[in-house]
Amino acid sequence: AYDMDNIRLSELGDRKTISAAYQLASLLITGSCEEPRAGRPPNGLQLVLGTQADTHVTDTLVMSNLGYFQLKAAPGVWQLRLASGPSSD
């Protein structure tokens with residue numbers, strides 16, 4: 001077995017190739033947003049990530065200084081929406 005993060009070609013000897021299988025465990029969903037009329041990041045905006053079966057799997061707040069957000073999720077089909085309450089008003 002080889003450490004796939006630190007392959008040392010000099011230690012492979014006569015082998016010319018190495019095979020590896022990777023499995024995707026999670027995705028990092030990132031983005032940015034701004035208020036349409038003001039052109040600045042929204043203050044206190046909450047986003048919700050869910051599926052059709054479970055509409056609220058995880059959530060995040062948009063950073064008010066840069067408008068940046070990120071969410072971690074498993075691979076699949078997701079729906080990103082505004083949280084109910086002040087964020088969706």
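**Entry 1: overall dimensions**

I began with the radius of gyration. I find 21 Å for the protein chain, whereas a compact globule of 89 residues would have a value near 12 Å. I note here that the model is predicted. Next I took the extents of the C-alpha trace along its principal axes. They come to about 65 × 30 × 15 Å.

**Entry 2: secondary structure**

I listed the elements. The protein chain has five strands and zero helices. Reading along the sequence, I get β-β-β-β-β. I then turned to contacts between residues at least 6 apart in sequence. Of these, 50% join residues at least 24 apart.

**Entry 3: surface, burial and charge**

I looked up the accessible surface. The protein chain shows about 7100 Å², and carbon and sulfur atoms account for 49% of that. How much of the chain counts as buried? I get 18% of the 89 residues. For charge, I compared mean positions. The chain carries 7 positive and 9 negative charges, and their mean positions lie 3 Å apart.

**Entry 4: the nonpolar core**

I asked which residues form the largest nonpolar core. There are seven: Leu-45, Leu-47, Leu-49, Val-62, Phe-69, Leu-71 and Ala-73. I checked where they come from. β2 (46-50) and β4 (68-73) each supply at least two of them. β4 gives the largest share, three residues. As background, nonpolar side chains in soluble globular proteins tend to be buried together.

I then picked one core member, Leu-49, and listed its contacts, skipping residues up to four places away in sequence. Leu-49 touches Leu-71 and Ala-73, both also in the core. Between Thr-55 and Thr-58, Leu-49 also meets His-56 and Val-57, as well as those two threonines themselves. Ile-29, Trp-78, Gln-79 and Leu-80 complete the list for Leu-49.

**Entry 5: Gly-67**

I moved to the loop between β3 (58-61) and β4, where Gly-67 lies. Is Gly-67 buried or exposed? Gly-67 counts as buried, because its relative accessibility is 0%, and the cut-off for buried is under 20%.

What does Gly-67 contact, leaving aside neighbours within four places in sequence? I find Gly-31, Ser-32, Cys-33, Pro-41 and Val-62. Of these partners, Val-62 is one I had already noted as a core residue. Last, I checked Gly-67 against Gly-44. They are 23 residues apart in sequence, and their C-alpha atoms are 10 Å apart in space.

Conventions:
Residues numbered from 1 in each chain as written. Predicted model: local features only at pLDDT ≥ 70, side-chain atom pairs only at ≥ 80, totals over all residues. Heavy atoms only, no water. Core = buried A, V, L, I, M, F, W, Y, C linked by side-chain atoms within 4.5 Å. Buried < 20%, exposed > 50% of the residue type's maximum accessible area, 1.4 Å probe, protein only. Helix = DSSP H or I, 4+ residues; strand = E, 2+ residues; numbered from the N terminus. Contact = heavy atoms within 4.5 Å. Rg over C-alpha atoms; globule rule 2.2 N^0.38 Å. Areas by Shrake-Rupley, 256 points an atom, 1.4 Å probe, with all protein chains shown as cover. Lys, Arg positive; Asp, Glu negative; His and termini not counted. Charge placed at Lys NZ, Arg CZ, Asp CG, Glu CD.
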